[in-house]
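Here's a quick tour of how two chains meet, followed by a look at the fold of one of them. Have the viewer open as you read.

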Amino acid sequence: MTINDRSGSDNTTDKATDLAMQPLIRIRNLQKHYGRFQALHGVDLDIMPGEVVVVVGPSGSGKSTLIRCINLLEPYQGGEVLVDGERVQAGRALARVRAEVGMVFQSFNLFPHLTALRNVALGPLRVRGLSQAQADERARALLAKVGLAEQADKRPSQLSGGQQQRVAIARALAMEPKVLLFDEPTSALDPEMVGEVLDVMQSLARSGVTMVIVTHEMGFARRVADRVVFMEGGRIVEQAPPAEFFASPREERTRAFLQAVFHH
Amino acid sequence: MELIDTFFNLGVLRAALPMLVQGLGITVLLGAVSIVAGLVSGLLLALLRLYGPAWARALARVYIDVFRSIPLLVLLVLVYYALPFVGIRLSSFASAATALTLVSCAYTAEIFRAGIEAIPKGQFEAAEAIGLGFVSTMRDVVLPQAFRIVTPPLTSNCINVLKDTALASVVAMPDLLKQATQAQALAANPTPLIGAAVLYLLLLMPLVRLVGYFEARHRAATQ
């Protein structure tokens, strides 16, 4: 994997000049290829602390790829990602940076051999150095927060999809990350379970957690987002606060997308 | 009844029984040592083969190919009769355990590799996203799931190792087969061989059943 160091120097000046306005995530000129197919064409995006950014766009637009590049689950060929001023790159520091970036997957990816409680407690135990008792206590509190206190001792296979995804959110929260990434968190759920997951996400957003969410749930984007980012063809086409984004999109492609989403 | 006198001679069997039981003990001990050593080294070899530096991966692949190709009997004879020429003189037990372990390690490594590769990519990604290191990812996430997948083939491999201990009789190991052939020579009657065969069956058939049970349980769990 090769990552060109393009703008390492101007970052340090930014940091020196204005600490308060430092973005929590800074993505610069991100380039990603799969063989000859280019998935991301030089994407720039800043996420401010406490901000809730929803990324929408047609499938294949590169939105999932973009957030998977933030914690380097996906290697990329050009540009850079900074989390809290620190470059995300392969090497010794990677696990430490990743611990600061929580991730919730489309397919939950819970550990099937562990109970809900131990799924949530594993990170604090192994990465944060908590004792088993402390980690379990934190896990219990978080499971209660997502409404699953009663399910703590069940395995993932004994839980519904919506419950599993809420455990996965608790697992990400247990690391006390600086930002939470959601990669289509409701796309694998039965329709009747989407609401319970979105409710948990909405209450997190209200409590000031920084979130980047890839989703097709336009109603959620309208209610919860501070900013909506529209991607197509590996580029950011348009971004705006939700009221503006949904009422008066500037770009023709955004209008076409919204029309397709709302009229079918 | 000449046939019963020849093959199922109770008097001969009674006389040979202490020797046979002694041999069975050595067979079980040799099998257990080789199985445990093969499991531990095979797991390490599988991890090297998958995650080691490029040279270690290449070396692991060569090792696995060589020791899955070489006939165990040839390896056993090499260890016992050839190594003394370079000053390495192993007892018959050590020779047999070494040869069995070297081969079992190669097979076990391939079994573990298949098991680890069967774990969905999302499990590794979830572990990475939390910031788990390699050791914790393996110990807490990947291997517990892989063990469950590989239990049937691992048990099969254990059965093969136990059966192959019989080859150790060629390097003068007083294992079950060797004791039986000796008792047969002493009594000029093949009944001890029948006795040995029965003891092998009693030892191994439950294990064979166990593999069937594990496979059925695995099928049920994955449905």
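## Charges across the interface

In this predicted model, the interface of chain A and chain B holds 3 salt bridges (a side-chain nitrogen of Lys or Arg within 4 Å of a carboxyl oxygen of Asp or Glu). One of them pairs the side chains of Arg126(A) and Asp140(B), at 2.5 Å, N to O.

Chain A's side of the interface breaks down into 13 nonpolar, 4 polar and 5 charged residues (nonpolar is Ala, Val, Leu, Ile, Met, Phe, Trp, Tyr, Cys and Pro; charged is Asp, Glu, Lys and Arg; the others, Gly among them, are polar).

## Contacts and buried area

On contacts (heavy atoms within 4.5 Å), 22 residues of chain A touch 18 residues of chain B. The two chains bury about 1,600 Å² between them, 59% of it on carbon and sulfur atoms; that's accessible area (1.4 Å probe) lost on being put together, summed over both. On the chain A side, Phe111(A), His113(A) and Arg126(A) lose the most area, together 33% of what that side buries.

## Chain A on its own

Chain A has 264 residues and a radius of gyration of 19 Å, which agrees with the value near 18 Å for a compact globule (C-alpha atoms; 2.2 Å times the number of residues to the power 0.38). Its C-alpha atoms fill a box of roughly 50 × 45 × 40 Å along the principal axes.

## Fine print

Residues are numbered from 1 along each chain as its sequence is written, and chains are lettered from A and ligands numbered from 1 in the order written. Local features need pLDDT of at least 70 and side-chain atom pairs 80 or more, while totals for chains, interfaces and linings use all residues, and side-chain values use heavy atoms, leaving out hydrogens and water.
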